[in-house]
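Here is my note on the structure you sent round. Please keep the model open while you read.

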Amino acid sequence: SQNSTHQSSSRSSETTSRQDDLASLISGNHLSKYYDDEIILDSMDTMKAKLITLQKQLEHTTSILHDSEANVSRLLEENKLLKTGIRREELNEKREGLNLEYLKNVLLTFLKSRDDRAQLLPVISTLLSLTPEEARSLQRYHLSDVPFADGWFPRWQ
């Protein structure tokens, strides 16, 4: 008898539970939760797609940035070379008006007289329109000069 009471009570609670589930379905609570889950899943898929698109855009933009940086570096180097070429041409134009007779006399004096060389270095630098680097190089060479036995230049044999 107790067993039958337990079964009847169990059936009664199953029926009540089914009725509650049915009432929930009818009222839309269960469907509402289902649709909310679907909306969330759709939203997550949309967000994943947007994230992938943004990652691709970032990769593309990064690639463009690297290309642009390489281009800027190349253009800066080209600019430097062009400026050097312009300076060289300007110096060549200055040298065109050079009095060759005067230059010849200065060079002969420079080569013949060891005593006057230090004073003639700035004159030669000016006459030849040497760059500061070329003038320093000439000065360093002059200071480190060790004469040969037959004079400043070796004898050609």
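The points below go from the whole chain to single residues.

1. **Status of the model.** This is a predicted model. Please read each value below as computed from that prediction.

2. **Overall make-up.** The protein chain contains 5 helices and 0 strands. Along the sequence, the order is α-α-α-α-α.

3. **Burial and surface.** The chain has 157 residues, and 11% of them count as buried. Its accessible surface is about 13500 Å². Carbon and sulfur atoms make up 58% of that surface.

4. **Contacts across the sequence.** Take the contacts in the chain with a separation of 6 or more. Of these, 46% join residues that are 24 or more positions apart.

5. **The largest pocket.** A rolling probe is a handy way to look for gaps. A probe the size of a water molecule, rolled over the atoms, shows where empty space is left. Here the largest pocket has a volume of about 220 Å³. Two elements each give two or more residues to its lining: helix H2 (29-96) and helix H5 (132-143). H2 gives the most, with 5 residues.

6. **What lines the pocket.** Which residues line the largest pocket? They are Thr-84, Arg-87, Arg-88, Leu-91, Arg-95, Thr-131, Glu-133 and Glu-134. Sorted by class, the lining has 5 charged, 2 polar and 1 nonpolar residues.

7. **Arg-95, a lining residue worth a look.** Arg-95 sits in helix H2 and helps to line the largest pocket. Is Arg-95 buried or partly exposed? Its relative accessibility is 27%, so Arg-95 counts as partly exposed. The cut-off for buried is under 20%. Beyond its neighbours within four places in sequence, Arg-95 is in contact with Leu-128, Ser-129, Leu-130 and Glu-134. Take Leu-128 from that list. Arg-95 and Leu-128 are 33 residues apart in sequence, yet their C-alpha atoms are 6.5 Å apart in space.

8. **Two sides of H4.** Helix H4 spans 117-127. Which residues of H4 are buried? They are Arg-117, Leu-120, Leu-121, Ile-124, Ser-125 and Leu-127. Viewed down the axis of H4, these buried residues fall within an arc of 160 degrees, so they line one face of the helix. The face turned away from the buried side carries the exposed residues Gln-119 and Thr-126.

9. **Ser-125, on the buried side.** Ser-125 lies in helix H4. Why does Ser-125 count as buried? It counts as buried because its relative accessibility is 13%, and buried means under 20%. Setting aside neighbours within four places in sequence, Ser-125 is in contact with Leu-130, Ala-135 and Leu-138.

10. **Ser-129, just after H4.** Ser-129 is in the loop between H4 and H5. Ser-129 has a relative accessibility of 11%, so it counts as buried. Which residues does Ser-129 touch, not counting those up to four places away in sequence? The answer is Leu-91, Lys-94 and Arg-95. Two of the names are familiar from the pocket lining, which includes Leu-91 and Arg-95.

11. **An angle to check.** Stay with Ser-129. Just after H4, this residue takes a positive phi of about 50 degrees. Ser-129 does so although it is not a glycine. Please find this residue in the model and look at its backbone.

How values were computed
Residues numbered from 1 in each chain as written. Predicted model: local features only at pLDDT ≥ 70, side-chain atom pairs only at ≥ 80, totals over all residues. Heavy atoms only, no water. Helix = DSSP H or I, 4+ residues; strand = E, 2+ residues; numbered from the N terminus. Buried < 20%, exposed > 50% of the residue type's maximum accessible area, 1.4 Å probe, protein only. Contact = heavy atoms within 4.5 Å. Areas by Shrake-Rupley, 256 points an atom, 1.4 Å probe, with all protein chains shown as cover. 1 Å grid on protein atoms, 1.4 Å probe; cavity = no way out; pocket = protein on both sides within 12 Å on 5 of 7 lines; lining within 4 Å. Points joined across faces, edges and corners; volume = space filled by probe spheres on them. Nonpolar A, V, L, I, M, F, W, Y, C, P; charged D, E, K, R; others polar. Arc of directions from axis to C-beta.
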